[in-house]
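User: I have a model open and want to go through it with you. Can we start with the cysteines?

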Amino acid sequence: MSAEAQATWLDGNAIAGLLGELFAAEMTTVDRGCGSCGQHNPVGAHRLYRGAGAVLRCPACGDIALQITELGDRHVLHMRGSWTLDVGRAG
């Protein structure tokens, strides 16, 4: 991959703040299984592309893992593949 193409993305850790706001949990360590290639990687290892929203892509095959669009007073999320969240209960 050329240096120019590589410069267009960040690792998934760059979206940690927004994901933490939306899920009220640490999301960069969440395991995600890709629906296309089957590989499992933590969300932080995915590639983040920003433009008219945010898109996370599988680091192995490039398939879309997550799309987030901000629409004024809300966020619209589209999640693909299997996401394994381990969230404690309020006690």
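User: Is Cys34 buried or exposed?

Analyst: This is a predicted model, and in it Cys34 is buried, with a relative accessible area of 6%.

User: What is the closest cysteine sulfur to the one in Cys34?

Analyst: That of Cys61, at 3.6 Å. A disulfide here needs the sulfur atoms within 2.5 Å, so the pair is too far apart for a bond.

User: And Cys37, which cysteine sulfur is nearest there?

Analyst: The sulfur of Cys58, 3.8 Å away, and Cys37 is in no disulfide. Cys37 is partly exposed, at 37% relative accessible area.

User: How many disulfides in the whole structure?

Analyst: Zero, from a search of the whole structure.

User: Back to Cys61. Where is it found?

Analyst: In the loop between β5 and β6. Its relative accessibility is 40%, so Cys61 counts as partly exposed.

User: What is Cys61 in contact with, leaving aside neighbours within four places in sequence?

Analyst: Cys34, Ser36 and Cys37. For a distance to another residue, the C-alpha atoms of Cys61 and Arg32 are 13 Å apart, with their positions 29 residues apart in sequence.

User: Change of topic. What is the strand order in the open sheet?

Analyst: The open sheet has five strands in the order β1-β4-β5-β6-β7, and the pairing is antiparallel. β1 (10–11) and β7 (74–79) are at the edges; each has a single partner strand, so one side of each has no neighbour in the sheet.

User: How many bridges join β4 to β5?

Analyst: Five, between β4 at residues 47–51 and β5 at residues 53–57, running antiparallel. One of the pairings puts Gly51 opposite Gly53 in β5 as its bridge partner.

User: Which strands does helix α2 lie across?

Analyst: Helix α2, residues 16–23, lies across β6 (64–71) and β7, and its angle to β7 is about 100 degrees.

User: Which residues have the most contacts inside the largest nonpolar core?

Analyst: Ile15, Leu19, Val43, Leu56, Leu66, Ile68 and Trp83, in a core of 13 residues. α2, β5 and β6 are the elements that give two or more residues to this core. The largest share comes from β6, with three residues.

User: Take Leu66 from that list. What is it in contact with, not counting neighbours within four places in sequence?

Analyst: Leu66 is in contact with Leu19, Ala54, Val55, Leu56, Leu77, His78, Met79 and Trp83.

User: Any backbone oddities? What about the phi of Ala24?

Analyst: Ala24 is not a glycine, yet its phi is positive, about 50 degrees. Ala24 sits in the loop between α2 and β2 (31–33), and it is exposed, at 70% relative accessible area.

User: Now the whole chain. How many helices and strands?

Analyst: Two helices and eight strands. From the N terminus the elements run α-β-α-β-β-β-β-β-β-β.

User: How does the radius of gyration look against the globule rule?

Analyst: The radius of gyration is 13 Å, close to the 12 Å that the rule gives for 91 residues, so the chain is as compact as a globular protein of that length. Along the principal axes, the C-alpha atoms fill a box of roughly 50 × 35 × 20 Å.

User: What share of the residues is buried?

Analyst: Buried residues are 27% of the 91 in the chain. As for contacts between residues at least 6 apart in sequence, 46% join residues at least 24 apart.

Terms used:
Residues numbered from 1 in each chain as written. Predicted model: local features only at pLDDT ≥ 70, side-chain atom pairs only at ≥ 80, totals over all residues. Heavy atoms only, no water. Pairing = 2+ DSSP bridges. Helix = DSSP H or I, 4+ residues; strand = E, 2+ residues; numbered from the N terminus. Contact = heavy atoms within 4.5 Å. Axes fitted to C-alpha atoms, helices over the stretch in contact; angles between N-to-C directions. Core = buried A, V, L, I, M, F, W, Y, C linked by side-chain atoms within 4.5 Å. Buried < 20%, exposed > 50% of the residue type's maximum accessible area, 1.4 Å probe, protein only. Rg over C-alpha atoms; globule rule 2.2 N^0.38 Å.
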